[in-house]
Amino acid sequence: MNGSNRLTPESSSVSVTPEHLHSHDLEDGHIVHSHIHSEESLRRIVNRLSRIEGHIRGIKTMVQQNSPCPDVLLQIAAVRGALDKVARIVLDEHLTDCIARAAKEGDIELEIKQLKAALDRFMP
């Protein structure tokens, strides 16, 4: 997802709104449409990201305390796995909610194009 399509505020204590707008630049102009996500869904993602953020701070502390490299690598692998799980949740919700809504509204080509571009950046 691009920087203008943020699902999460900086901390879970910030109120999460169920609807947000983001824009897409096209060759023929500028289109804005809404992506609607439930508060429960956003809260779940924010909570996961907050735990990951704490985990990363823990890894930083491990490095500062000169912890054994294999232990640090193990924790980095755990964070990667947690981030991959968040990405799967976001992708699943995008497919089931946003893509489905775009198909109903006639914007499916644009959404698929943007999803492909995001996946190109996301996947190695």
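## Surface and overall make-up

Accessible areas are those given by the Shrake-Rupley method with a 1.4 Å probe. By this reckoning the protein chain, which is seen here in a predicted model, exposes about 8500 Å², and carbon and sulfur atoms supply 56% of that area. The chain has 124 residues, of which 25% count as buried.

Three helices and two strands make up the secondary structure of the protein chain, and, read from the N terminus, these elements follow the order β-β-α-α-α. When contacts between residues at least 6 apart in sequence are considered, 52% of them join residues that are at least 24 apart.

## The loop between α1 and α2

Helix α1 covers residues 39-64 and α2 covers residues 69-105, with N66 placed in the loop between them. The phi angle of N66 is near 60°, which is a positive value in a residue other than glycine. N66 has a relative accessible area of 69%, and because exposed means over 50%, this residue counts as exposed.

## The largest nonpolar core

Nine residues form the largest nonpolar core, namely I45, I52, I59, M62, V72, V79, V86, I89 and V90. Both α1 and α2 take part, each supplying at least two residues of this core, while the largest share, five residues, comes from α2.

One member of the core, I59, can be followed through its contacts: leaving aside residues up to four places away in sequence, I59 touches V72, Q75, I76 and V79. An α-helix has 3.6 residues a turn, so residues three or four places apart point the same way.

## Helix α2 along its length

How does the span of α2 compare with the value expected from its number of residues? The helix has 37 residues, and at 1.5 Å a residue these should span 54 Å, because the expected span is 1.5 Å times one less than the number of residues. The end C-alpha atoms of α2 are 52 Å apart, which agrees with that expectation.

Within α2 there is nevertheless a kink of about 35°, and this kink is centred on H94. H94 is itself one of the buried residues of the helix, a list that also holds V72, V79, V86, I89, V90, E93, C98, I99 and A102. Just after α2 comes G106, which takes a positive phi of about 85°.

Note on methods:
Residues numbered from 1 in each chain as written. Predicted model: local features only at pLDDT ≥ 70, side-chain atom pairs only at ≥ 80, totals over all residues. Heavy atoms only, no water. Helix = DSSP H or I, 4+ residues; strand = E, 2+ residues; numbered from the N terminus. Buried < 20%, exposed > 50% of the residue type's maximum accessible area, 1.4 Å probe, protein only. Contact = heavy atoms within 4.5 Å. Core = buried A, V, L, I, M, F, W, Y, C linked by side-chain atoms within 4.5 Å. Bend = angle between axes of the 7 residues up to and from the residue.
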